[in-house]
Amino acid sequence: MPDSTVALSAAASDNLIANGGFETDLQGWKTWQASLSRVFRSPGAPEGSYVVKVTPTAGTSGGYSLEAASSVTGDATLGMYTASASIAAATTSAVGKTVILALRETDASGATRVWEQTAVLTQSFQTITVSAPVEQTGRSLVFYIFQKNSVPGDAFYADAIRVTPPGWRLVFQDDFSGSAVDTTQWGMYDSPGHGGNGLRRPSAFSVANGLLVVTAQMVNGTLVSGGMAHKSNYKYGRFEFRVRTEADPSSAVSGVVLTWPQTENWPIDGENDIYETGTSASRASFSTFIHYGADNRQYSYKHAVDATQWHTVAMEWEADALRIYRDGALVWTLTDANAIPDVAHHLCIQLDAFRTSMGGLVKMYVDWVKIYQR
């Protein structure tokens, strides 16, 4: 994979890529196993009149990339960085091939973490977006666009490339690194279960090996599961977490991470179900549901990924939009003002029962939770 570093100092510009439109030249860019050329596309360029064409070097196969050439030493500004680019196939043979937009964080010891978004190349330009947090000093981000499974004759176009500096600051984080839930930060449910099914009890929660675990199971003939709510409320913010939920042969319980109104005035003041598995036995997907209005109207988005595997999910909630990210990639944006809450909410983690009994037990795991505000 490519290995160049994008400048990540506290820049005044909202784009850390100096030449992301290729309007004048190719300065600031290099390649891995490829060559670059500027192509006039007016109309048709996503930004301005020119795009860059990235062509694999003769005799190479397997992959090639466009890379930012410059690097800046020193500490990156802490917070959430977002990269985006408009990409299209430049040749017929590249249509249907996979392209990756990536940000890779590297610390002083050389350890890395990668955030990436994949897309299938078409002849039309599509915008790909990925976000990555820089949470400690002494770290930098790598930016690149990489085409997989290339053969001679492939090429792709890129334009309107941006890396924007942090607009969000971290205000809360729980890594569940202790031996129990921190009840100074979380309120534990001790009540009837969801829809009156079974019971919600604090005993359903455990913390070990850096993971929060919620267990649903039969206890003395009663389905016992759990829920907990963060004690702080926020009007707007970025709510992010890493989660997975086990398969459920009984189709009895649903893993949910949501925000709920401080007013308790539901559904008028909204409910943002950022992650909801539903009761499908296989957990072959999960969904995002946005509840609003006195008659409980809803918008929804289906994530066609295996919910038994780990996923990082985030909701950016601002006055004019709700944006949902999965594994660093922006996958859904909702802009209906009627559906966007304008009162403070708090984050909740729940394993909800939809039946009064189940066979065996089902666990939901949360690795960490982070909340950002502007």
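Which strands each supply at least two residues of the lining of the largest pocket? In this predicted model, they are β19 (253-261), β20 (271-276), β21 (286-292) and β26 (345-353), and selecting these four elements is a good way to begin the tour.

**The largest pocket**

With those strands highlighted, add H194, E271, D273, Q350 and D352, which are the lining residues that lie nearest the centre of the largest pocket. The full lining comprises 27 residues, and by class these divide into ten nonpolar, eleven polar and six charged. The volume of this pocket comes to about 460 Å³.

**The cavity**

Next, turn from the pocket to the cavity, for a search of the whole structure finds one cavity of 30 Å³ or more. To display its surroundings, select W115, S131, P133, R238, E240, T312, A314, Y325, D327 and G328, which line the largest cavity. Three strands, β8 (126-134), β18 (237-245) and β23 (311-318), each contribute at least two residues to that lining. The lining of the largest cavity is made up of four nonpolar, three polar and three charged residues, and the volume enclosed is about 40 Å³.

**S250, in a loop**

From β18, follow the chain into the loop between β18 and β19, where S250 is found. Is S250 buried or exposed? S250 has a relative accessible area of 15%, and because buried means under 20%, S250 counts as buried. Leaving out residues up to four places away in sequence, S250 touches R355, M358 and G359. If you zoom in on G359, you will find its backbone nitrogen 2.8 Å from a polar atom of the S250 side chain. Before moving on, select S280 as well, which is 30 residues from S250 along the chain, while the C-alpha atoms of the two are separated by 8.9 Å.

**Q373, at the end of a strand's range**

For the last stop, select strand β27 (residues 361-373), in which Q373 lies. Q373 has a relative accessibility of 19% and therefore counts as buried, the cut-off being under 20%. Which backbone oxygen does the side chain of Q373 reach at 3.0 Å? That oxygen belongs to Y236, and the side chain of Q373 also reaches the backbone oxygen of K235, at 3.5 Å. To see the wider setting, show the residues in contact with Q373 once neighbours within four places in sequence are left aside, namely G167, W168, R169, V171, Y234, K235, Y236 and G237.

Conventions: Residues numbered from 1 in each chain as written. Predicted model: local features only at pLDDT ≥ 70, side-chain atom pairs only at ≥ 80, totals over all residues. Heavy atoms only, no water. Buried < 20%, exposed > 50% of the residue type's maximum accessible area, 1.4 Å probe, protein only. Polar contact = N/O pair within 3.5 Å; in protein donor to acceptor, adjacent residues only side chain to side chain. Contact = heavy atoms within 4.5 Å. 1 Å grid on protein atoms, 1.4 Å probe; cavity = no way out; pocket = protein on both sides within 12 Å on 5 of 7 lines; lining within 4 Å. Points joined across faces, edges and corners; volume = space filled by probe spheres on them. Nonpolar A, V, L, I, M, F, W, Y, C, P; charged D, E, K, R; others polar.
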